[in-house]
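Student: I should like to practise the reasoning behind the terms used for a protein model. May I put some questions on the one shown here?

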There are 2 protein chains.
Amino acid sequence: MVVGVVGLGLIGGSFAKAATRAGHSVAVWNRTRATSEAAVADGSAAAVLEEDMTSAVGSPDVYLVSLPPSAVVPWIDAHQSAFKNGAVLVDATGVKGSICEAMRKYAYDDTPWTFVGGHPMAGKEVSGYANATADLFRGASMILTPYPSCGRGPLDMLEAFFRTLGFGNVVFTTPERHDEMIALTSQLAHVVSSAYIQEPLAKEHAGFSAGSFYDMTRVARLDPGVWTDLFLANREALSSVLGGLIERLCGFKEAIDTGDAERLRDLLERGRAVIESMPPTYKSISRQ
Amino acid sequence: MVVGVVGLGLIGGSFAKAATRAGHSVAVWNRTRATSEAAVADGSAAAVLEEDMTSAVGSPDVYLVSLPPSAVVPWIDAHQSAFKNGAVLVDATGVKGSICEAMRKYAYDDTPWTFVGGHPMAGKEVSGYANATADLFRGASMILTPYPSCGRGPLDMLEAFFRTLGFGNVVFTTPERHDEMIALTSQLAHVVSSAYIQEPLAKEHAGFSAGSFYDMTRVARLDPGVWTDLFLANREALSSVLGGLIERLCGFKEAIDTGDAERLRDLLERGRAVIESMPPTYKSISRQ
């Protein structure tokens with residue numbers, strides 16, 4: 001199978017490396033062509049993908065579009081007439097509602113290729129091709145948000161394909177459900193991490209910290225432009241879980257300020273009970 | 001050197017294993033004597049420490065008192081006449097102000113042994129002797145908060161001793177400074193983790209989460225009684241950093257709710273700038 005990887009950042013670079021290792025023929029496109037050439041030179045890809053979607057290994061059957069959120073739809077619009085019949089495109093953007101809405105215009109019978117919204121649940125606190133690795137997706141979830149009109153053919157193909165890249169499971173859901181859950185499991189973590197590290201005392205932590213401080217703050221090393229776009233593309237869901245967290249933190253603060261041991265203990269018991277009710281998968285994906 | 005380890009939970013058990021591996025003669029005391037006997041049987045200690053502070057390997061030169069916060073001072077009060085002349089006692093409690101205040105009565109010339117407040121900056125999200133390991137302290141900080149009247153002799157001895165257990169550095173500071181910093185680097189992380197996991201959607205996270213959700217929530221698996229005591233023993237410092245965090249989170253929420261991209265980006269830039277200014281030690285202690 002010929003796999004087109006579009007955008008060679010951390011995610012795209014890792015897609016290219018994982019797909020090449022899995023035996024696929026990988027053709028890569030990047031805004032800066034030199035990065036594509038470097039990926040071919042270092043063995044992460046087989047060929048450079050040209051503007052007309054041809055390459056030395058053929059035209060892609062599957063595209064993994066791993067561009068920044070605001071660049072995905074414009075890139076597809078600009079190249080849409082060059083995709084071959086039957087091609088399947090998957091993006092990798094962290095919010096699905098807005099992209100799936102914008103791409104709906106291609107979800108009709110007169111479009112000879114298929115778009116499926118996607119989000120690989122993997123990442124690192126560092127970015128760029130230099131940090132890409134073929135192991136990034138090992139055991140992770142690949143979330144897909146197809147249109148209801150999408151046939152089983154492309155979805156069965158994608159499920160098998162993403163497993164060859166190392167994903168532990170492929171989850172099919174709606175864009176709305178994805179965005180609601182991701183607000184909690186990823187976006188809120190980035191907000192908290194950034195707010196946490198901005199405590200003035202944080203700069204003096206040396207010698208006073210163990211694992212929990214690092215874990216609470218490491219994802220504050222994010223790309224501010226990308227995450228601003230992602231947050232604002234998912235405003236309602238993110239605001240809802242952020243509001244809930246603030247409310248619970250205020251409850252903790254009140255119990256601490258009033259020295260209410262019973263209430264504090266009860267709050268901590270509740271949190272512990274939730275953790276203990278988590279399925280074994282809770283721990284299965286740890287940080288890269 | 002004879003090392004007395006008092007209390008065989010996660011920290012005490014790990015102290016015993018690390019000290020035995022370092023070649024010290026380790027005598028252990030535990031409220032439930034069977035655990036002490038098990039530690040001797042499995043090779044983690046050389047002998048059981050009796051109520052009169054004798055053991056088959058002699059009476060301890062150094063005591064590591066690793067009991068729950070509320071049990072430390074009562075245990076020392078009950079055994080204080082049995083410590084041998086020149087013995088040095090170090091506790092392992094996560095808050096230092098209250099314990100160092102309560103122990104001040106022993107900081108005078110007529111007490112033939114020395115107390116030094118201590119806090120090993122290491123841990124796990126699981127507890128108990130069953131999870132103890134000789135490697136727990138590898139590379140971690142050991143914080144000591146001696147009284148101003150304490151001589152260099154015991155402190156030099158402790159610094160060298162804790163390095164034999166695997167600690168990467170030994171930090172000398174005041175109880176007040178310790179408590180202020182620990183409120184940020186450890187206590188606040190536990191509050192946030194517990195509040196985070198209590199979002200109702202958290203139970204449905206399977207398939208939608210990657211490393212950041214796990215990292216944000218893992219320490220919610222804490223001992224509610226112990227942490228209630230620790231939080232309330234450090235109310236002012238914890239309330240201060242918690243209040244600051246809530247304020248910054250409200251700032252994020254306002255920017256998200258009003259769709260203020262510029263402000264949101266600025267907030268994220270600030271967090272990233274702090275992370276990027278961190279010394280290399282920031283990443284050196286990762287979770288166990």
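Student: Which residues does Val5(A) touch, leaving out those up to four places away in sequence?

Tutor: In this predicted model, Val5(A) touches Gly12(A), Phe15(A), Ala16(A), Ala19(A), Val26(A), Val28(A), Ala45(A), Leu64(A) and Ser66(A). To touch here is to have C-beta atoms within 7 Å of each other. Val5(A) and Val5(B) are also the residues with the most contacts inside the largest nonpolar core, which has 182 residues. In soluble globular proteins, nonpolar side chains tend to be buried together.

Student: What makes Met53(A) count as buried?

Tutor: The limit for a buried residue is 20 or more other C-beta atoms within 10 Å. Met53(A) has 21 such atoms, and is therefore buried. Its place is the loop between strand E3 (47-48) and strand E4 (62-65) of chain A. Met53(A) also has a positive phi of about 65°, although it is not a glycine.

Student: How do you know whether Met53(B) is buried or exposed?

Tutor: The count for Met53(B) is 21 other C-beta atoms within 10 Å, and 20 or more is enough for the term buried. Met53(B) is therefore buried. This residue lies in the loop between strand E3 (47-48) and strand E4 (62-65) of chain B, and has a positive phi of about 65° without being a glycine.

Student: Why is Ser70(A) called exposed?

Tutor: A residue is exposed if 12 or fewer other C-beta atoms lie within 10 Å. Ser70(A) has 12 C-beta neighbours inside that distance, so it counts as exposed. Ser70(A) is in the loop between E4 and helix H3 (72-79) of chain A. Its C-alpha atom is separated by 21 Å from that of Val219(A), 149 residues apart along the chain.

Student: How many residues does each chain bring to the contact between the chains, and which element of chain A gives the most?

Tutor: Chain A brings 88 residues and chain B brings 88 residues. On the side of chain A that touches chain B, H9(A) gives the most, with 16 residues. That side divides into 47 nonpolar, 25 polar and 16 charged residues.

Student: What makes H10(A) oblique to H8(B)?

Tutor: The axes of helix H10 (residues 261-276) of chain A and helix H8 (residues 224-232) of chain B cross at roughly 135° and come within 9 Å. An angle over 145 degrees would count as roughly antiparallel, and 65 to 115 as roughly perpendicular. The angle of roughly 135° falls in neither range, so H10(A) is oblique to H8(B). The crossing is right-handed. Among the residues in contact are Leu264(A) and Leu268(A) of H10(A), and Trp227(B) and Phe231(B) of H8(B). By class, this contact has 7 nonpolar, 2 polar and 3 charged residues.

Student: Why are H6(A) and H9(B) called oblique to each other?

Tutor: H6(A) and helix H9 (residues 235-257) of chain B pack at an angle of about 130°, with their axes 9 Å apart. The perpendicular range ends at 115 degrees and the antiparallel one lies over 145; H6(A) and H9(B) are therefore oblique to each other. H6(A) passes H9(B) in a right-handed crossing. Val191(A), Ala195(A) and Tyr196(A) in H6(A) meet Leu245(B), Arg248(B), Leu249(B) and Phe252(B) in H9(B). By class, that contact has 6 nonpolar, no polar and 1 charged residues.

Key. Residues numbered from 1 in each chain as written. Chains lettered and ligands numbered in written order. Predicted model: local features only at pLDDT ≥ 70, side-chain atom pairs only at ≥ 80, totals over all residues. Helix = DSSP H or I, 4+ residues; strand = E, 2+ residues; numbered from the N terminus. Axes fitted to C-alpha atoms, helices over the stretch in contact; angles between N-to-C directions. Parallel < 35°, antiparallel > 145°, perpendicular 65-115°, else oblique. Left-handed = near helix turned anticlockwise from the far one by under 90°. Contact = placed C-beta atoms within 7 Å. Nonpolar A, V, L, I, M, F, W, Y, C, P; charged D, E, K, R; others polar. Core = buried A, V, L, I, M, F, W, Y, C linked by C-beta atoms within 7 Å.
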